[in-house]
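Colleague: I should be grateful for a close look at a single part of this structure, explained for a first-year student. Please begin with the setting and then turn to the part itself.

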Amino acid sequence: MDEKTYNEIVSSENMVYTKTSLMTDKTLSYCPGCGHGTAHRIIMEVVDEMGLQENTIGIAPVGCSVLAYEFMNVDMQQAAHGRAPALATGIKRTWPNKIVFTYQGDGDLAAIGTAETIHACNRGENIIIFFINNGIYGMTGGQMAPTTLPGMKSSTSPYGRDVNMMGYPLKITELVAQLPGTYFVTRQAVHTPSNVRKTKKAVRMAFENQLNKKPGLSFIEIVSNCNSGWKMTPVQANQWMVDNMFPYYPLGDLKVDGVLTMK
Amino acid sequence: MGELRLMKGNEAFAEGAIRAGVDAYFGYPITPQSEVLEYFMAEKPYERTGMVVLQAESEVAAINMVYGAAATGKRAMTSSSSPGVSLKMEGISYMAGAELPGVILNVVRGGPGLGTIQPSQADYFQATKGGGHGDYRLIVLAPSSVQEMFDFVRLAYELTFKYRNPVMLLSDGVIGQMMEKVELADPIPRRTDEDVVRECPWATTGKPASRERNIITSLNLDSAVQEKHNHKLQEKYRKIEETEVRFEEFQCNDAEYLYVAYGSSARIAQKAVQIARAKGIKAGLLRLITLFPFPKTRVAELSGKVKAMLAVEMSAGQMVEDVRLAVAGKVPVEHFGRMGGMVPSPEEVVTALEKKIIGG
């Protein structure tokens, strides 16, 4: 059997995809099937395509993506739990020409960091917040999150989220869309190629908003899965997300160019 | 001689920051330090020097804004008073872990809890022993005059960048609120962005092709790596202890009895020395300027020269523990303090010396 060399296989005519150099070669720490890796890649592809590496500073949260700085090849800071928007404020206010983004999960952004989230949005900080919502605390082992659905099981709601006892899942994206300080608010997903394309378009719009100093904050929620925390296979998790998460957290733009589009 | 102005301590700190080329202040109102934020907002330093000033939504947010700006090499600061400083402790621990420069002013009031809005020195342990979680130290400076509220901003930035370690100015409600004459040093211009990039090659200012990405984090999931980091921090603190001890002596040469104090208590004790001497008691004062590093070598030396020491502080007895550690039983060390916002008079401090030490 003929052994083909790499260069023979990957010739220019059959090269269909190149990994952006803005993703490092470090093996991702995420579970197979998790949406984080795709979300990371889309963001870094946009930074790469727009030539913004030298001007971009990212903030990693506490949660599964605490090590985002290991994978994203831009200057990065790691924040205390929930405080990423405050760090981003400190950076953007002192370096108004830099591009600043935070990357946060639901526990980080919508529980412990609610104040920082709301007030960064309300001040209209010219930054981007990426919000990965998988309805669970993944890193600490699957505890209930502010976005855990009613009846949904987690290690701290083992009989399902009882809204009378534990309160309701927080639609923080709908909430921040109402604030005059947000300029672009959208909810996307990355579980199919079509959704990846839509999300990437939204990510690009967010970076363009900041680059062009549009007045206000761009907020992108990505509804994602957590097959390990949900105790499902990756395929089951994606299907469960479509059947259960999307009805509560519907995909689409909530606010574009400072104008509310949500129903 | 520089411009003279009559100012509150809190105002002198803010003016000191503008004139020290500080890049950003993030604050939150709390008595007795609100004049810091008020002074900044009235002065418009963004017009004078380009300095950023922002009222944050909480003390937690303010210290994390400092973290963000500091991690880009900027000179960032915040201020608060005791309950607010407790809230900042999370961020301060992260800054210490990530080795970030930054200045925090605590205009101490009485506690615990909401306590009182009146002056206190009961946050000594919090400031000097860590305060937040994990093994770390702040460099702690104790201004005892309005002039030092101005001057120590410059000193704090020199130290915080030299060691990449947060510096705390441990003031109190007396120093923050009282008015004194201040000589204002000429302004130092803020560094340009290019200066910052050049002077802080570790900072997250955006990754050029010429270097690897910079990462600011306090996280090490590998315990062996974390322990190595802990050792590195401890080595830094030892270096600070060897190099940065600062204190002032008042009539110590022939002193038989030594007051040890800092901040406003040192001002009171200085008067007490004069009163005691008029009564024929040979008293002296060791005024601590750095609380960490603590002047333990000098305290140990002085314990060979005096009969006894009296630690004077507005607390139940915190600094006195460090004095006793340094004295190591050589001479008696007593404590005199008021709490709850009560400020002792010089006469009380003299009486305490007479009763607790001389008559004791």
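Modeller: What follows describes chain A as a whole and then examines helix H6 of that chain.

The model is predicted, and its scores are ipTM 0.96 and pTM 0.97. In chain A, the secondary structure consists of 11 helices and 10 strands. The radius of gyration of this chain is 19 Å, close to the 18 Å given by the globule rule for 263 residues, so chain A is as compact as a globular protein of that length. Along the principal axes, its C-alpha atoms fill a box of roughly 65 × 45 × 35 Å. Of the 263 residues in chain A, 53% are buried. When contacts between residues at least 6 apart in sequence are considered, 67% of them in chain A join residues at least 24 apart.

Helix H6 of chain A covers residues 114-122, and its buried residues are Glu116(A), Thr117(A), Ala120(A) and Cys121(A). Viewed down the axis of H6(A), these buried residues fall within an arc of 125 degrees, so they line one face of the helix. The general geometry is helpful here: an α-helix has 3.6 residues a turn, so residues three or four places apart point the same way.

Against what does this face pack? In chain A, the partners of the buried residues of H6(A) are helices H4 (84-94), H5 (106-112) and H8 (172-177), together with strands E7 (182-189) and E8 (217-223). Helix H4 (59-70) of chain B is also among the partners. Chain B has an average pLDDT of 97, and 100% of its residues score at least 70.

After H6(A) comes Gly124(A), which has a positive phi, near 70 degrees.

Terms used
Residues are numbered from 1 along each chain as its sequence is written. Chains are lettered from A and ligands numbered from 1 in the order in which they are written. This is a predicted model: local features need pLDDT of at least 70, side-chain atom pairs count only at pLDDT 80 or more; totals for chains, interfaces and linings use all residues. A residue is buried if 20 or more other C-beta atoms lie within 10 Å of its own, exposed if 12 or fewer, and partly exposed in between; C-beta atoms are placed from the backbone. Helices (H or I, at least four residues) and strands (E, at least two) are DSSP runs, numbered from the N terminus. The arc is that of the directions from the helix axis to the C-beta atoms. Two residues are in contact if their C-beta atoms, placed from the backbone, lie within 7 Å. pLDDT is the predictor's confidence in each residue, from 0 to 100. The radius of gyration is taken over C-alpha atoms; the globule rule is 2.2 Å times the number of residues to the power 0.38.
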